[in-house]
Amino acid sequence: MLCPEAPCSRACPEGVDPARRVRSLYFDNLAGAALALPRQDPCARCGAPCQSACLRPEGPLRIRRVFQALQAARPSLEGMEKGAVDLSCDFCGVKLENPFVLSSSVVASSYEKIARAFDMGWAGACLKTVCDFIPREASPRYSALGGGGAFYGFKNIEQLSGQSLESDMDCVRRLKRDYPGKVMMVSIMGRDQAEWTRLARMAQDAGADLIECNFSCPNMEQGGLGVDVGQSPQAVAQYTRAARQGCQVPLVAKLTPNVADMRPMALAAVENGADGLAAINTVKSIMGMNLDTYATSPAVRGLSGVGGYSGKAVKPIALRFIWELAACPQLKGVPISAMGGVETWRDAAEFLLLGANHVQVTTAVMQYGYRVIQDLVEGLTLYLREKALDRVSSLEGLGVDNVTALERLERDSVLLPRFHRDKCLGCGRCALSCQDGGHEALTMKGGRPVMNPAACVGCHLCVLICPVQAISSFGKRAPLREEAAAP
């Protein structure tokens, strides 16, 4: 349940904070969870009062068993405890202490919130988009796919800052005064060229380290703003140029994924004064159709509209756009601030490998709070040590050349799946999917799957279907049969 003030930790007589270790596991930080435990079993001397205190309605989490599994994993991880790692990165000439920044949204909308995030370890924040008008907001304005406090898709119809310009600029001034080592980016949106210039100048005068031009919000009540700008290279060029006239600090163009190709807008921004790029913003969406009222979610008096979709479900879309920007020869060397589904350190590493300089986070914070920074930093640090890398910048772009056009993929052989009989439970899911949704290469015999190699095309649907990971992609590669290759 990831309780913020977990009763299991309060009940632990050994002071090992079981909730923190369980949370690390949830956020894919097994190494951090295991290495934080004492070498001797901390549960050996107590009656597990942490389990009795657990609030889970379906029964307490078996924390003692979790800790025993972590103790068993610890010996293979102990080499990752030592070694200096530099998580700092340079974005458009501005140094970030680590690659984790709050993105322009409700999670970075006030002095108190951002200050609390900075205290917990976030390197920077992009203030929720400032404008020269107070937008009218709807209620409710959020909906999600998934439940139980762990949604995978999130829709919002929220717009920009609800504060006055003076209040927003005062927020920036106070944060730069109280946290001089943290990075403040200010997102701006104007309604004409003069307003873009004026907002950029105001943000710079308030102390912004960088200014982000919001060319991408899909939720604007007023037309001609946000995504309407970001879908036009001419409009992006015009307003980037206008913002550039108002400031000398680094300028970043935040681009929309609601286009077939983001690169024309990226080039237009860079050619007209942008020093860096930010992507992606939310994806236009409709979700949550109520089958009784016929309204979509979030419904405002029975009506809703197209809104922005985020969360870990959009990460594959975001990775595709980041790779396209990083692989574009005309954009070589232009730093990228990436966002779109970052929840764990592993998500962040994927964006870095595909060319991002750092990542921004919103939806994960909305679900779990600013505390996710603990496992983001710890997990990425341990991963770098595992790879014998001493700085996070070493990851940037390592995977860019491993993505290529589909026509360049080798198509003359088949990689057969490998079956691990000792793990197989005989449930038959793999054979069912292969017969009905695959290429009819698997059948069940004697309660176990049997493969016909002559029929297998190496699609690996069975690998993805198996509920106990008894099938892997590490099989033998066979030449493509001539009859299968024929038209």
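## Cis peptide bonds

In this predicted model, Pro298 is located in the loop that runs between β11 and β12. The bond leading into this proline, from Ser297 to Pro298, is a cis peptide bond with omega near -5 degrees.

A cis peptide bond also links Ser139 to Pro140, and its omega is about 0 degrees. Pro140 belongs to the loop between β4 and β5.

## The open sheet

The strands β5 and β11 that border these loops also take part in an open sheet of 4 strands, arranged in the order β5-β6-β12-β11 with antiparallel pairing. β5 (142–145) and β11 (283–285) are the edge strands; each has a single partner strand, so one side of each lacks a neighbour in the sheet. On average, neighbouring strands of this sheet are turned by 35 degrees against each other, with direction ignored.

At the β5 edge, the antiparallel strands β5 and β6 are joined by 4 bridges. Within this pairing, Ser143 stands opposite Lys155 in β6.

## The largest cavity

A search of the whole structure identifies 4 cavities of 30 Å³ or more. The largest cavity holds about 550 Å³ of space. It is lined by 38 residues, of which Ser104, Ser105, Asn281, Thr282 and Thr362 are the closest to its centre.

Several elements contribute at least two residues each to this lining: β4 (124–130), β6 (153–156), β12 (307–310), β14 (358–361) and α14 (363–368). Two of these strands, β6 and β12, also belong to the open sheet described above. The largest share of the lining, 4 residues, is supplied by α14. Classified by residue type, the lining of the largest cavity comprises 15 nonpolar, 18 polar and 5 charged residues.

## Positive phi values in two loops

Two aspartates have a backbone feature that deserves mention. Asp17, although not a glycine, has a positive phi of about 55 degrees. This residue lies in the loop between α1 (7–11) and α2 (18–26). Asp17 is partly exposed, its relative accessible area being 32%.

Asp28 is likewise a residue other than glycine with a positive phi, here near 65 degrees. The loop between α2 and α3 (30–35) contains Asp28. Is Asp28 buried, exposed or partly exposed? With a relative accessible area of 33%, Asp28 is partly exposed, because that class covers values between the 20% limit for buried and the 50% limit for exposed residues.

Technical notes: Residues are numbered from 1 along each chain as its sequence is written. This is a predicted model: local features need pLDDT of at least 70, side-chain atom pairs count only at pLDDT 80 or more; totals for chains, interfaces and linings use all residues. Side-chain values use heavy atoms; hydrogens and water are left out. On a 1 Å grid over the protein atoms alone, a cavity is a set of points where a 1.4 Å probe fits but cannot get out, and a pocket is an open set with protein on both sides within 12 Å along at least five of seven lines; lining residues have an atom within 4 Å of a point. Grid points are joined across faces, edges and corners, and a volume is the space filled by probe spheres set on the points. Ala, Val, Leu, Ile, Met, Phe, Trp, Tyr, Cys and Pro count as nonpolar, Asp, Glu, Lys and Arg as charged, and the others, Gly among them, as polar. Two strands pair if DSSP finds at least two bridges between them. Axes are lines fitted to C-alpha atoms, for helices over the stretch in contact, and angles run from 0 to 180 degrees between N-to-C directions. Buried means under 20% relative accessible area, exposed over 50%, partly exposed in between (1.4 Å probe, protein chains only).
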